[in-house]
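Welcome, and please open the structure in your viewer. We will go from the whole chain to a few selections, one stop at a time.

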Amino acid sequence: MNGHYQGLGHVAVYTRDMEESIAFYEKLGGSVNGRGGVPTPEGEKKLALVSYGGITLELIQSPGAMPMGEGNVPHFAILVDDLDAAAAEVRAAGVD
């Protein structure tokens with residue numbers, strides 16, 4: 001079975017504000033590959049796929065309270081070769 005695995009597909013990240021999150025990742029060099037929505041009884045669940053740092057982030061904005069259960073990743077880490085240089089680039093992009 002391991003022969004079928006090719007790597008990380010995406011990381012799901014819940015957000016309170018889709019537009020703010022997209023703007024954040026675009027400042028860091030990310031790009032939106034798709035947007036959509038899924039109807040739920042509470043309203044539309046907004047979705048966006050953002051390519052960033054060689055991975056795909058699936059941003060999810062729930063119409064109600066954000067679930068913190070199974071499937072939600074509260075954080076992720078990006079491996080960099082020079083932490084100080086990467087931090088300086090993030091600050092230069094306008095991210096505090």
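**The whole chain**

Start with a cartoon view: the chain holds two helices and four strands. Please keep in mind that this is a predicted model. Following the chain from the N terminus, you meet its elements in the order β-α-β-β-β-α.

Now switch to a surface view. The accessible surface of the chain is about 6900 Å², and carbon and sulfur atoms account for 52% of it. Of the 96 residues, 23% count as buried. If you draw a contact map, look at the pairs at least 6 apart in sequence: 47% of those contacts join residues at least 24 apart.

**Helix H1 and its salt bridge**

Next, select residues 18-27, which make up helix H1, and pick out Ser21 within them. Is Ser21 buried or exposed? Ser21 is buried, because its relative accessible area of 15% falls under the 20% cut-off. Show what surrounds this residue: beyond its neighbours within four places in sequence, Ser21 is in contact with Thr15 and Leu59.

Stay in the helix and show the side chain of Glu19, together with that of Arg35. The two side chains meet in a salt bridge, with a distance of 2.3 Å from N to O. Arg35 belongs to strand S2 (residues 31-40) and Glu19 to helix H1, so this pair ties together parts that are 16 residues apart in sequence. A search of the whole structure finds one salt bridge. Glu19 itself is partly exposed, with a relative accessible area of 46%.

**A nonpolar patch**

Now select Ile78, Val80 and Leu83 and return to the surface view. These residues form a nonpolar patch on the surface, and their accessible area together is about 260 Å². Where does Ile78 sit? Ile78 lies in the loop between strand S4 (55-61) and helix H2 (83-92). With a relative accessible area of 33%, Ile78 is partly exposed.

**The largest pocket**

For the last stop, keep Val80 selected and add Tyr52, Ala86, Ala87 and Val90. Of the 14 residues that line the largest pocket, these five lie nearest its centre. The volume of this pocket is about 370 Å³.

Which element gives the largest share of the lining? Colour by element and you will find that H2 does, with six residues. H1 and H2 each supply at least two residues of the lining, so you can finish the tour with both helices in view.

Technical notes: Residues are numbered from 1 along each chain as its sequence is written. This is a predicted model: local features need pLDDT of at least 70, side-chain atom pairs count only at pLDDT 80 or more; totals for chains, interfaces and linings use all residues. Side-chain values use heavy atoms; hydrogens and water are left out. Buried means under 20% relative accessible area, exposed over 50%, partly exposed in between (1.4 Å probe, protein chains only). Contact means heavy atoms within 4.5 Å. Accessible areas come from the Shrake-Rupley method with a 1.4 Å probe; for residues, only the protein chains shown count as cover. Patches are made of residues with over 30% relative accessible area and no salt bridge: like charges are joined within 9 Å, nonpolar side chains (Val, Leu, Ile, Met, Phe, Trp, Tyr) within 5 Å. A salt bridge is a side-chain nitrogen of Lys or Arg within 4 Å of a carboxyl oxygen of Asp or Glu. On a 1 Å grid over the protein atoms alone, a cavity is a set of points where a 1.4 Å probe fits but cannot get out, and a pocket is an open set with protein on both sides within 12 Å along at least five of seven lines; lining residues have an atom within 4 Å of a point. Grid points are joined across faces, edges and corners, and a volume is the space filled by probe spheres set on the points.
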